[in-house]
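Grab the model and work through these exercises in order. Each one sets a task, then walks through the solution.

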Amino acid sequence: MRIIGTAGWSGSGKTTLLTRVIPELVARGLKVSTLKHAHHAFDVDKPGKDSYLHREAGATEVLVASVNRYALMHELRGAPEPGVVELLGKLSPVDLVIVEGWKVSHYAKIEVYRQEVGKTPLHPDDPYIRGVASDVPFPNAGRPVVDLSDLEAVVALMLEISEPLDTVMARLASPSPALVGT
């Protein structure tokens, strides 16, 4: 398994880009999973459904399954939010895991930069941003920069700079002193 992250300000188009990249990767025969961080409360369940009632009654985990899919909901109930390492460990083996969010984590990432968002680029201050997909050139980026609208170039860059999951897990599980607090 390999891992690649996406980093960028809200509104930069990370999710839109991934909805275009994932089908291309799958068409190449790769199995792809994603890990998405949400900065707000979210719920995949619906009030009144049996699974919702089970959670509301106090169940720690509720697994809902059908012929098409299954979903495991785990209630934290005040426990700390799990980090990337713990969550990556819950995924089934695939060829590539794409992480959206956790923009300050220490794994290879592509910055998705759109000038109209009006924010400063992230890549000058993050050595783990190993490439940039942008709607403007960055001639002094010090890393590969591809046009955000060039899907082939974005996919090639993602595959080129993705890292083996074992390498990332070891780095995230025991960061070096130089990475603490970054």
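**Exercise 1. Work out how much of the protein chain is buried, and what its surface is made of.**

Start with the burial count in this predicted model. Of the 182 residues in the protein chain, 38% are buried. Next, turn to the outside: the protein chain exposes about 10,600 Å², and carbon and sulfur atoms supply 55% of that area. Then check the charges. There are 19 positive and 22 negative side chains, and the centres of these two sets sit 1 Å apart.

**Exercise 2. Describe the overall layout: which elements, in what order, in what box?**

Step one is to tally the elements: the protein chain has five helices and nine strands. Step two is to read them off along the sequence, which gives β-α-β-α-β-β-α-β-β-β-β-α-β-α. Step three is the extent: along the principal axes, the C-alpha atoms fill a box of roughly 55 × 40 × 35 Å. Last, look at contacts between residues at least 6 apart in sequence; 58% of them join residues at least 24 apart.

**Exercise 3. Find out how strands E3 and E4 are put together.**

First, locate the two strands: E3 covers residues 61-65, and E4 covers residues 70-74. Second, get the direction: E3 and E4 pair in the antiparallel sense, over five bridges. Third, look at what joins them. The two strands form a hairpin, with four residues between them. Fourth, match up some partners. Valine 62 has methionine 73 as its bridge partner in E4, and valine 64 stands opposite alanine 71.

Keep one rule of thumb in mind while turning the hairpin around: side chains in a regular strand alternate between the two faces of the sheet.

**Exercise 4. Place glutamate 61 in this hairpin. What does its side chain make a polar contact with?**

Begin with the position: glutamate 61 lies in strand E3. Now list its contacts beyond the neighbours within four places in sequence; they are Leu72, Met73 and His74. Zoom in on the last of these. Glutamate 61 and histidine 74 are 13 residues apart in sequence, yet their C-alpha atoms are 4.5 Å apart in space. The side chains meet too, in a polar contact of 2.7 Å between glutamate 61 and histidine 74. Finally, check exposure: glutamate 61 counts as partly exposed because its relative accessibility is 42%, which falls between the 20% and 50% cut-offs.

**Exercise 5. Do the same for alanine 71 on the other strand of the hairpin.**

Alanine 71 belongs to strand E4. Setting aside neighbours within four places in sequence, alanine 71 is in contact with Val62, Leu63 and Val64. One of these, valine 64, is the residue it stands opposite. Further along the chain, valine 44 is 27 residues from alanine 71, with 8.8 Å between the C-alpha atoms. At 35% relative accessibility, alanine 71 counts as partly exposed.

Just past E4, have a look at arginine 77. This residue is in the loop between E4 and helix H3 (84-88). Its phi is near 45°, a positive value in a residue other than glycine.

**Exercise 6. Take two serines, 33 and 105. Are they buried or exposed?**

Serine 33 is in strand E2 (residues 32-36). At 18% relative accessibility it counts as buried, because the cut-off is under 20%. Beyond its neighbours within four places in sequence, serine 33 is in contact with Val94, Leu96, Val97 and Ile98.

Serine 105 sits in a loop, between strand E5 (96-100) and strand E6 (109-113). At 14% relative accessibility, serine 105 also counts as buried. Not counting residues up to four places away in sequence, it touches Val84 and Tyr128.

**Exercise 7. Which residues does glutamate 152 touch across the sequence?**

Find glutamate 152 in helix H4 (residues 151-161). Leaving out residues up to four places away, it touches Glu24 and Arg28. Now check the span for the first partner: glutamate 24 is 128 residues away along the chain, with the two C-alpha atoms separated by 8.5 Å. To finish, glutamate 152 is partly exposed, with a relative accessible area of 44%.

Key
Residues numbered from 1 in each chain as written. Predicted model: local features only at pLDDT ≥ 70, side-chain atom pairs only at ≥ 80, totals over all residues. Heavy atoms only, no water. Buried < 20%, exposed > 50% of the residue type's maximum accessible area, 1.4 Å probe, protein only. Contact = heavy atoms within 4.5 Å. Areas by Shrake-Rupley, 256 points an atom, 1.4 Å probe, with all protein chains shown as cover. Lys, Arg positive; Asp, Glu negative; His and termini not counted. Charge placed at Lys NZ, Arg CZ, Asp CG, Glu CD. Polar contact = N/O pair within 3.5 Å; in protein donor to acceptor, adjacent residues only side chain to side chain. Pairing = 2+ DSSP bridges.
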